[in-house]
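Reader: I should like to go through this structure and ask what justifies each label applied to it. Please set each value against its criterion before concluding.

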Amino acid sequence: MGIRSNAMGLDNIHPKFIKIILFNILPYLTHLFNTILMSSVFPKNWKCAKVIPIPKTNNEFRPISVLPFLSKALENIMYKQISNYCLNHNLLTEKQSGYREQRGCVTALLNVSDDIRKNIDNDKVTFLILLDHSKAFNTIDPETAIYKLKHLFNFSENATKLVSSYLDGRNQSVYHENKISEALPVVKGVPQGSVLGPLIFSIYVNNFPEIIDNCQVHMYADDVQVYVDCKKTNMTNCIMYLNSIMDKINLWAKKNSLKLNPSKSKCIVIYKRPIDTSNLPQIKLSDQNIEYVTSVRNLGIVFDHTLSWNSHITSTIGKTYGMLRSLWTTQYFTPIKVRMLLAKTFLLPTLLFGCEIYANCDSIRKERLNVLFNDIARYIYGIKRNDHISGYAKQIYGITFKNYLNLRVLSMLHKIIYTKEPSYLYNRLKFSRSTRNNNLIHPLHNTLIAERQFFVYSARLWNLLSTDLQRISNNKHFKNAVLRDFQVRE
């Protein structure tokens with residue numbers, strides 16, 4: 001019942017039909033699933049994918065793979081068992097944030113940006129390399145994956161056989177204009193559109209951080225960030241060391257049937273002041289140069305060469321205004337409730353993605369974000385340009401835009417504190433020894449750049465809360481209580 005997709009696979013069984021009769025067929029499905037798990041044989045008919053090509057730019061297509069509905073239900077069971085086994089035995093690296101509970105793009109970026117923040121405070125330069133894989137999910141070798149499950153993760157014989165059966169003998173057919181092509185075998189990769197595939201991929205690349213010495217790495221699925229710091233006077237030696245790391249990474253990728261794309265991989269040099277990279281030695285991957293850039297999109301957030309977040313905010317504002325302009329044309333044909341729904345579904349998620357990272361940006365950027373938020377309020381409530389807007393803008397979330405950003409920051413910090421996950425963020429926090437409150441020790445920092453980063457800013461906001469608010473353990477109750485507190489202050 002928890003599967004949201006209503007896409008119908010090659011078995012032509014519609015998910016809604018199964019859900020309607022579910023309680024009548026539940027004993028039979030239970031017997032079927034248990035038989036599959038005990039026999040370690042995944043049904044052949046459930047290994048056939050229907051691929052629907054979705055047009056992209058440049059006459060290319062994005063393949064959407066649809067699997068039989070019941071196979072996804074079984075995969076959910078397998079996913080939970082494998083995931084719980086890996087977590088209970090602490091088998092997954094802390095340096096992987098993809099497809100894991102309490103982790104995501106934002107937590108991964110908070111981890112990387114705080115490391116860079118510390119480097120800037122210590123007057124160090126950070127070389128951040130974003131590695132690009134070419135169709136990583138489609139190139140993994142099933143035999144290597146099974147070997148890793150058995151020898152690195154100590155899967156039982158039956159569990160190994162079941163996953164092997166799940167990966168072997170797969171095929172796919174292309175569905176286009178109500179026609180279906182002949183099925184062709186899929187000999188490599190994890191199944192697209194599957195529940196279990198991303199977890200298998202995470203297990204497959206789990207040992208990647210072990211090949212790197214004295215170098216930081218963080219992964220989100222197949223997106224890999226490698227970074228190393230050095231003094232400004234030692235950048236040439238640092239680049240030589242990075243080239244040796246790139247050689248190790250390239251060798252590991254070849255051994256694991258993965259292909260890195262040097263032309264799409266980027267390197268950004270981050271320091272408290274811009275650094276001219278034109279005279280720096282080249283960083284090479286597979287004998288090809290990795291391009292130096294001054295800003296780069298990293299998991300949806302634009303990093304610039306001084307960690308100011310200005311490039312990301314400018315990009316986000318431009319994108320949101322583009323969407324808002326297209327909605328303005330229909331403003332007078334849609335009721336307020338529909339406009340509010342459109343704003344909260346399309347405009348505000350675009351504007352606020354990852355806002356925890358840049359919430360304490362400089363005053364100029366804050367004002368630009370606030371102006372955009374007010375323009376969104378004008379669209380929702382039909383307010384003219386010269387009319388007063390602040391009262392209407394507060395109605396969207398019940399508080400001002402500035403306090404809403406602070407609420408998002410505090411909510412993220414609260415989750416980290418009370419779930420203790422992800423551990424790589426929780427371990428950065430230091431609590432005061434006082435028994436009267438739950439205050440954090442404010443991180444020491446030397447620069448204005450550091451002042452604007454998450455852990456420095458969030459600690460200050462947290463310590464301003466009352467002890468009663470700090471001790472609310474439920475995140476939803478905490479957000480509501482802080483919201484009421486902000487409303488009283490305003």
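Author: A residue is called buried under 20% relative accessible area, exposed over 50%, and partly exposed in between. The model discussed here is predicted.

Reader: Why is Asp123 called partly exposed?

Author: The relative accessible area of Asp123 is 31%. Partly exposed covers the range between the limits of 20% and 50%, so Asp123 belongs to that class. Asp123 is placed in the loop between helix 4 (105-121) and strand 3 (124-131).

Reader: What makes the backbone of Asp123 worth noting?

Author: Asp123 is not a glycine, yet its phi is positive, at about 60°. Most residues other than glycine have a negative phi. Ser286 is another residue other than glycine with a positive phi, near 55°. Ser286 is found in the loop between strand 10 (283-285) and strand 11 (288-293), and its relative accessible area of 32% makes Ser286 partly exposed.

Reader: Why does Gln395 count as partly exposed?

Author: Gln395 has 48% relative accessibility. Exposed would require a value over 50%, and therefore Gln395 counts as partly exposed. Gln395 is found in helix 14 (residues 390-397). Between Gln395 and Ala377 the C-alpha to C-alpha distance is 8.7 Å, with 18 residues separating the two in sequence.

Reader: Why is His414 called buried?

Author: The relative accessible area of His414 is 1%. The cut-off for buried is under 20%, so His414 is buried. His414 lies in helix 15. Leaving aside neighbours within four places in sequence, His414 is in contact with Trp462, Ile472, Ser473, Asn474, Asn475 and Phe478.

Reader: What makes the approach of the His414 side chain to Ile472 a polar contact?

Author: The side chain of His414 reaches the backbone oxygen of Ile472 at 2.5 Å. A polar contact requires a pair of N or O atoms within 3.5 Å, one able to donate a hydrogen and the other to accept it. The pair of His414 and Ile472 is therefore a polar contact.

Reader: Which backbone atom does the side chain of Thr139 approach?

Author: A polar atom of the Thr139 side chain lies 3.2 Å from the backbone oxygen of Ala136. Thr139 is in helix 5 (residues 136-139). Beyond its neighbours within four places in sequence, Thr139 is in contact with residues including Lys188, Gly189 and Leu258.

Reader: What is the geometry of the peptide bond from Glu421 to Pro422?

Author: That bond, from Glu421 to Pro422, is cis, with omega near -10°. Most peptide bonds are trans. Pro422 is in the loop between helix 15 (401-419) and helix 16 (423-426).

Reader: How do you know that the radius of gyration of the chain agrees with that of a compact globule?

Author: For 490 residues, a compact globule would have a radius of gyration near 23 Å; the chain has 25 Å, which agrees. The C-alpha trace spans about 60 × 60 × 55 Å along its principal axes. The chain comprises 20 helices and 13 strands, and 50% of its 490 residues count as buried.

Reader: What share of the contacts with a separation of 6 or more comes from residues 24 or more positions apart?

Author: Such residues account for 71% of those contacts in the chain. As to the surface, the accessible area of the chain is about 24900 Å², with 53% belonging to carbon and sulfur atoms.

Definitions and conventions
Residues are numbered from 1 along each chain as its sequence is written. This is a predicted model: local features need pLDDT of at least 70, side-chain atom pairs count only at pLDDT 80 or more; totals for chains, interfaces and linings use all residues. Side-chain values use heavy atoms; hydrogens and water are left out. Helices (H or I, at least four residues) and strands (E, at least two) are DSSP runs, numbered from the N terminus. The radius of gyration is taken over C-alpha atoms; the globule rule is 2.2 Å times the number of residues to the power 0.38. Buried means under 20% relative accessible area, exposed over 50%, partly exposed in between (1.4 Å probe, protein chains only). Contact means heavy atoms within 4.5 Å. Accessible areas come from the Shrake-Rupley method with a 1.4 Å probe; for residues, only the protein chains shown count as cover.
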